[in-house]
Amino acid sequence: MVAFLKYSLIRLALFAPLFVLFLYLGLGAVMSVICAAGIAFAVSYLFFQQQRDDATAAMRRRFTGKAQPLRTAGEVDDAQAEDALVDSNPDVTIRTDAKPASPKPASPAPTEPKGTNS
């Protein structure tokens, strides 16, 4: 993932000054974006092949399922607490595949018809 961020920062570092330059030259916002993106793409494609290949490999590893799962500190703590509970109490069963029970919807209160005031 670091390789992808590095390559993205290189492309951004190429794009931003070109965009500002084209705005300064009076091309307009849309045309400046198109020109800056095209030139940044061409330069990064021609001169940063190794970084592009590393970024592609990192993304391929991430999306093919071969990468380690990313977990937050809270998820790691929860998993460790769950493992400790199961290890200390073998009779406890944790089912993570079951859907949580949804509460029954409350029945609507009866209302009086309008216009029948006596």
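Two residues are in contact when they have heavy atoms within 4.5 Å of each other. Count such contacts in this protein between residues at least 6 apart in sequence, and 46% of them join residues at least 24 apart. Keep in mind that what you're looking at is a predicted model. It has four helices and zero strands, so here's a tour that takes in three of those helices and a curious arginine.

**The whole protein**
- Walk along the sequence and you'll meet the pattern α-α-α-α.
- The protein has 118 residues, and 10% of them count as buried.
- About 10,100 Å² of the protein is exposed, with carbon and sulfur atoms supplying 62% of that area.

**Helix 1**
- Helix 1 covers residues 2-24.
- How far apart are the end C-alpha atoms of helix 1? They are 33 Å apart, and that agrees with the 33 Å you'd expect because each of its 23 residues goes in at 1.5 Å a residue. If you multiply that out yourself, use one less than the number of residues, because that is how the expected span is defined.
- Tyr7, Ile10, Leu18 and Phe22 are buried in helix 1.
- The cover over those buried residues includes helix 2 and helix 3.
- After helix 1 comes Gly26, which has a positive phi, near 85°.

**Helix 2**
- Helix 2 takes up residues 29-47, which makes 19 residues. At 1.5 Å a residue it should span 27 Å, and its end C-alpha atoms are indeed 27 Å apart.
- Which residues of helix 2 are buried? They are Ser32, Ala36, Ala40 and Ser44.
- These residues cover an arc of only 75° around the axis, so they sit on the same side of helix 2.
- Now look at the face of helix 2 turned away from that buried side: there you'll find the exposed residues Val30, Ile34 and Leu46.
- What do the buried residues of helix 2 pack against? Their partners are helix 1 and helix 3.

**Helix 3**
- Helix 3 runs over residues 49-63. Its 15 residues should span 21 Å at 1.5 Å a residue, which agrees with its end C-alpha atoms being 21 Å apart.
- Arg52, Ala55, Ala58 and Met59 are the buried residues listed for helix 3.
- Look down the axis of helix 3 and its buried residues fall within an arc of 125°, so they line one face of the helix.
- Helix 1 and helix 2 are included in what covers these buried residues.
- On the face turned away from the buried side, helix 3 carries the exposed residues Gln50 and Arg60.
- Gly65 follows helix 3, and its phi is positive, near 90°.

**Two residues of helix 3: Arg52 and Gln50**
- Is Arg52 buried or exposed? Arg52 has 18% relative accessibility, so it counts as buried, because buried means under 20%.
- Arg52 is buried yet has no salt bridge. The nearest side chain of opposite charge belongs to Asp53, 4.4 Å away. A salt bridge needs the nitrogen and the carboxyl oxygen to be within 4 Å, so that distance doesn't qualify.
- Which residues does Arg52 touch, leaving out those up to four places away in sequence? It touches Tyr7, Ser44 and Tyr45. Of these, Tyr7 is a buried residue of helix 1, and Ser44 is a buried residue of helix 2.
- Arg52 and Ala3 are 49 residues apart in sequence, but their C-alpha atoms are 8.2 Å apart in space.
- Gln50 is also found in helix 3. At 52% relative accessibility it counts as exposed, because exposed means over 50%.
- Gln50 and Tyr7 are 43 residues apart in sequence, and 9.5 Å apart in space from C-alpha to C-alpha.

Key: Residues numbered from 1 in each chain as written. Predicted model: local features only at pLDDT ≥ 70, side-chain atom pairs only at ≥ 80, totals over all residues. Heavy atoms only, no water. Helix = DSSP H or I, 4+ residues; strand = E, 2+ residues; numbered from the N terminus. Buried < 20%, exposed > 50% of the residue type's maximum accessible area, 1.4 Å probe, protein only. Arc of directions from axis to C-beta. Lys, Arg positive; Asp, Glu negative; His and termini not counted. Areas by Shrake-Rupley, 256 points an atom, 1.4 Å probe, with all protein chains shown as cover.
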